[in-house]
Amino acid sequence: MKVNKWTFGLAAAGLVSLPVGSQADEKLNPMLTAVTPTTVSGYINTSIHWTPGTGNRVVPNHGQNTPNKQDGFNLNVVDLALEKPLDEAQWAAGYKAELLFGQDANIYATQSPTAVGPADFGIKQAYLALRAPVGNGLDFKVGVWDTITGYEVFNAGSNPNYTRSYSWTIEPTTFTGVLATYQLCKFASASAGIANTYGPAINGRANVPGAKAESYKTYLAGLFLTAPDDWGFLGGSAFYATFHNGYNSGFAGGADQTSYFVGATVNTPLKWLKVGACYDYLGTTSDFGDSSYANAYTLYSSIQIPDSKFSLHLRGEYANSDTAVLGSGANLPGGNSEVFATTATLQYDLWQNVLSRLEFRWDHQAGDNDMTGYGGDLAKPASTNGKRNSYLLALNLIYKF
């Protein structure tokens, strides 16, 4: 088997495992392969966006969507992960380091408070994985780890649709702290964690000048249930609920934030059809005492077209907010806002390891403001092309390795 020099270099450093048979060509020093269970994975995420019409200076503010992605070709992000998973031992240790490169790394905003600009780089996760022999085994993540909340995740290839929902947009993303997970039984697990802040900045603090006491931290908890196989067609369906509360020093100059999430993925009597739903709430109280909220409701359905490589994924959304919690592209400070959105994604598995999707999305601003950031009742200069509807046609190609 032919293996390139880069792969051999990583293996020699003990960072990756070589495929079976490859070491017959070149033998490695066994002293340098002590951590060969480490695996390398990741993906390259690219897209082509077409936003019909003009006035795309301000676009709907669903997650990872920016004006500079419209009407052109995009390298969204490159993800590279090194991981040694936990084994089955009672006392076990491992790690994961997941790095991001590209413009989506800037938007994810995990850069530490001491970073000088994002520079198209971010750390998505970097944690030690530990297991203690408590009952069924108590697992810990210590360091930087993903949120336990959400129907969708940052890694777009793991979602049913390419673009993100407003639910994902108002959810927390990344924490620096300790997360504990315990398998209550075969069909239920629970997680609880403590972190520095609610916001994503690595090594951020709540006790910034004029903010919280040094003991102030962020707390989160979640419950995850899976239906037993003997529940008929419902077997394997999942239900999850989470709670977060803490201080976000990066939101509007500093704010206390609380979020609730419930979601479910349900199998149906039709093997080719799955449905899902989730609800998100975000409440915010700024350092100035101003309060705001946002609600997001999302429905999903996935259809695997029988005897084909095609699948269809549909999403319907409704979100509302009393201020700018959803961002300037969805509303304006001081005015109520409502957003409806529908997304249809056609997926075709043509190439091995490549996820290819064609997606159409429609966002409709139903409140007092419009999609361009100008009040709906105000006279709009001709150059702004104010509009309440935004349309997006996108081709998404992701190579997973």
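## Hairpins of consecutive strands

In the hairpin formed by strands S9 and S10, six residues lie between the strands, and Ala252 adopts a positive phi near 50°. The model described here is predicted. Strand S9 covers residues 238-248 and pairs with S10 in the antiparallel sense over eleven bridges. One pair of partners is His244 and Ser259, the latter in S10.

Strand S10, residues 255-267, also runs antiparallel to strand S11, residues 273-286, and 13 bridges join the two. Five residues separate S10 from S11 in their hairpin. Among the paired positions, Ala255 has Ser286 of S11 as its bridge partner, and Tyr260 stands opposite Tyr281, likewise in S11.

Strand S11 in turn pairs with strand S12, residues 291-304, in the antiparallel sense, again over 13 bridges. Here Leu273 stands opposite Ile303 of S12. The hairpin of S11 and S12 has four residues between its strands, and Gly289 takes a positive phi near 90°. As a general point, side chains in a regular strand alternate between the two faces of the sheet.

## Salt bridges between distant parts of the chain

The model contains ten salt bridges. One of them joins Lys124 to Glu98, with the closest N and O atoms 3.6 Å apart. This pair links distant parts of the chain, since Lys124 belongs to strand S4 (residues 121-132) and Glu98 to strand S3 (residues 92-101), 26 residues apart. Are the two partners buried or exposed? Lys124 counts as buried because its relative accessibility is 2%, under the 20% limit. Glu98, at 3% relative accessibility, is buried by the same limit.

A further salt bridge connects Asp256 with Lys212, where the closest N and O atoms are 2.9 Å apart. Asp256 lies in strand S10, whereas Lys212 lies in the loop between strand S7 (188-195) and strand S8 (218-226), so the salt bridge ties together parts that are 44 residues apart in sequence. Asp256 has a relative accessible area of 22% and is therefore partly exposed. Lys212 also counts as partly exposed, at 26% relative accessibility.

## A network of charged residues

The side chains of Asp363 and Arg361 meet in a salt bridge with an N to O distance of 2.9 Å. Both residues, Asp363 and Arg361, are buried. They belong to one network, in which salt bridges that share partners join Glu152, Arg315, Glu317, Arg361 and Asp363.

## Nonpolar cores

Which residues make up the largest nonpolar core? It consists of ten residues: Tyr43, Val77, Leu100, Ala105, Tyr108, Phe154, Ala156, Trp168, Leu355 and Ile398. In soluble globular proteins, nonpolar side chains tend to be buried together.

Trp168, a member of this core, touches Gly63, Gln64, Tyr108, Glu152, Val153, Phe154 and Thr173, when residues up to four places away in sequence are not counted. Two of these contacts, Tyr108 and Phe154, are listed in the largest core as well. Another contact of Trp168 is Glu152, which also takes part in the salt-bridge network. Apart from the largest core lies another core, of nine residues, including Ile170, Leu282, Ala296 and Ala341.

Definitions and conventions:
Residues are numbered from 1 along each chain as its sequence is written. This is a predicted model: local features need pLDDT of at least 70, side-chain atom pairs count only at pLDDT 80 or more; totals for chains, interfaces and linings use all residues. Side-chain values use heavy atoms; hydrogens and water are left out. Two strands pair if DSSP finds at least two bridges between them. A salt bridge is a side-chain nitrogen of Lys or Arg within 4 Å of a carboxyl oxygen of Asp or Glu. Buried means under 20% relative accessible area, exposed over 50%, partly exposed in between (1.4 Å probe, protein chains only). A nonpolar core is a set of buried Ala, Val, Leu, Ile, Met, Phe, Trp, Tyr and Cys residues joined through side-chain atoms within 4.5 Å. Contact means heavy atoms within 4.5 Å.
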